[in-house]
Amino acid sequence: MTPRRWIIVIAAFILMMVISAGILRTALHFWHQWQLASLVNGPPPSDEVLTTDDSLTALNKRASQAERSHDYQRAVDLYTQGLEESSYGADARRALLRQRAFAYENLKQYDRAEADYNASLQIEPLDPSFYAKRGFYLIRRGRYDDALADFRKGGELVPSDGTFPFGEGEVYAKLGQHEKSAERYSEAIRWTPQAGRYYRERGSAYNRLGKFKEAKTDYDKALALARGYIQREAADSNLGRGYASLRLGHYQDAIADFDAVLRVMPRSSAALAWRGTAYQSLGKSNEAVADFKAALAIDPKNANAMDGLKSFGVPAP
């Protein structure tokens with residue numbers, strides 16, 4: 001081998017060593033960062049009962065285990081045991097009542113669930129947030145006038161808490177009064193401008209009112225605030241924004257949003273049908289027909305998908 005080739009080989013070897021060292025340093029850096037994060041943040045939350053847990057923490061962990069197993073009667077018994085302990089303060093007692101109300105609700109023992117919400121509002125000092133908690137329970141029970149009264153009462157006590165006007169907006173949305181719901185969501189946003197859910201629900205109200213530009217703006221904001229969202233909540237925002245984009249004629253944007261929805265909820269009949277409509281508007285008939293058929297396979301009553309297939313002269317599957 002000539003001296004020149006030896007030099008090339010040696011230089012290549014040195015270069016490989018340098019690159020390898022760089023990769024090793026990078027790997028070590030990320031390893032150290034992961035270790036540091038573990039030290040700072042600690043292990044993920046666990047429901048394992050530890051010998052160091054105080055009695056209330058242990059009780060809540062056991063109740064949580066029961067709820068994960070859908071053993072709601074066991075959870076009720078544990079929360080009842082906690083409520084019999086006289087040493088627990090007002091905050092702990094309210095929390096136990098609320099958790100027991102959830103368990104009763106899952107057992108469909110609604111009178112007992114409501115009694116627990118009522119009892120939580122009798123504990124001194126009064127915690128106004130429990131007007132909102134009871135209000136959302138009453139919405140789930142379809143008692144909209146009673147829910148509205150609770151949200152208004154809480155709002156009188158804490159005017160700067162956006163939860164209360166948001167709750168009112170939820171009631172008006174259930175009643176189909178979308179102008180009023182949008183107005184109350186706006187008030188909630190005024191007090192809590194970083195709550196992505198508030199923008200998402202106002203966006204839904206705007207969609208129902210045909211205000212698609214305003215809806216898209218709200219969904220943009222909701223998704224920008226989506227840190228910490230569960231995937232389903234982000235997908236709901238994508239679904240609403242996709243619909244607004246579809247109605248605005250922004251078909252590629254709509255398809256991108258519906259794609260995002262379907263990655264999280266692959267059986268969303270609405271996303272498939274609306275994506276089919278977007279494809280149809282772009283002249284992509286094969287994709288449109290495939291989406292309409294897929295939507296109907298999930299929900300045979302999806303009117304948008306049925307109309308879409310009919311427009312192509314294709315019979316429903």
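**Note on a predicted all-helix model**

1. His70 sits in the loop that runs between helix 2 (55–68) and helix 3, and its backbone deserves a look in this predicted model, since the residue has a positive phi of about 65° although it is not a glycine. His70 counts as exposed, with a relative accessibility of 59%.

2. Lys108 can be read alongside it, being found in the loop between helix 4 and helix 5. Lys108 has a positive phi of about 60°, and it too is not a glycine; at 60% relative accessibility, Lys108 is classed as exposed.

3. Another backbone feature to check is the peptide bond joining Glu124 and Pro125, which is cis, with omega at about -5°. Pro125 of this pair lies in the loop between helix 5 (110–120) and helix 6 (129–140).

4. On the overall fold, the secondary structure of the protein consists of 16 helices and 0 strands. Of the 317 residues in the protein, 38% are buried, and the accessible surface comes to about 18500 Å², with 54% of that area belonging to carbon and sulfur atoms. When contacts between residues at least 6 apart in sequence are considered, 41% of them join residues at least 24 apart.

5. On confidence, the average pLDDT of the protein is 88, and 84% of the residues score at least 70. Residues 18–44, however, have a pLDDT below 50, and beyond near neighbours in sequence this stretch has 1 contact in the model. Where pLDDT is low, the predicted coordinates should not be read in detail.

6. Which residues have the most contacts inside the largest nonpolar core? They are Tyr198, Leu239, Phe258, Ala271, Trp274 and Ala305, in a core that has 39 residues. At least two residues of this core are supplied by each of helix 9 (178–191), helix 10, helix 11, helix 12 (231–248), helix 13 (251–264), helix 14 (269–281), helix 15 (285–298) and helix 16 (303–312), and helix 14 gives the most, with 6 residues. In soluble globular proteins, nonpolar side chains tend to be buried together.

7. The surroundings of Tyr198 can be listed in full: leaving aside residues up to four places away in sequence, Tyr198 touches Gly162, Thr163, Phe166, Tyr185, Ala188, Ile189 and Thr192. A second, separate core of 31 residues includes Leu83, Leu121, Ile123 and Ala147.

8. Ile123, one of the residues in that second core, also offers a distance check with Gly89, for the two are 34 residues apart in sequence while their C-alpha atoms are 9.9 Å apart in space. Gly89 belongs to the loop between helix 3 (72–83) and helix 4 (90–106), and with a relative accessible area of 39% it is partly exposed.

9. Turning to charged pairs, the count of salt bridges comes to 22. Arg202 forms one of these with Asp218, where the closest N and O atoms are 2.6 Å apart; the pair links distant parts of the chain, with Arg202 in helix 10 (residues 196–208) and Asp218 in helix 11 (residues 212–224), 16 residues apart. Are the partners buried or exposed? Arg202 counts as buried because its relative accessibility of 14% falls under the 20% limit, and Asp218 is also buried, with a relative accessible area of 3%.

10. Arg200 and Glu201 meet through their side chains in a salt bridge with an N to O distance of 3.5 Å, and Arg200, at 8% relative accessibility, counts as buried.

11. In helix 11, the side chains of Asp220 and Lys216 meet in a salt bridge at 3.6 Å, N to O. Being 4 residues apart in that helix, Asp220 and Lys216 are separated by about one helical turn, and Asp220 is partly exposed, with a relative accessible area of 32%. Elsewhere, salt bridges that share partners join Arg152, Glu168, Glu183 and Arg184 into one network.

Key. Residues are numbered from 1 along each chain as its sequence is written. This is a predicted model: local features need pLDDT of at least 70, side-chain atom pairs count only at pLDDT 80 or more; totals for chains, interfaces and linings use all residues. Side-chain values use heavy atoms; hydrogens and water are left out. Buried means under 20% relative accessible area, exposed over 50%, partly exposed in between (1.4 Å probe, protein chains only). Contact means heavy atoms within 4.5 Å. Accessible areas come from the Shrake-Rupley method with a 1.4 Å probe; for residues, only the protein chains shown count as cover. pLDDT is the predictor's confidence in each residue, from 0 to 100. A salt bridge is a side-chain nitrogen of Lys or Arg within 4 Å of a carboxyl oxygen of Asp or Glu. A nonpolar core is a set of buried Ala, Val, Leu, Ile, Met, Phe, Trp, Tyr and Cys residues joined through side-chain atoms within 4.5 Å.
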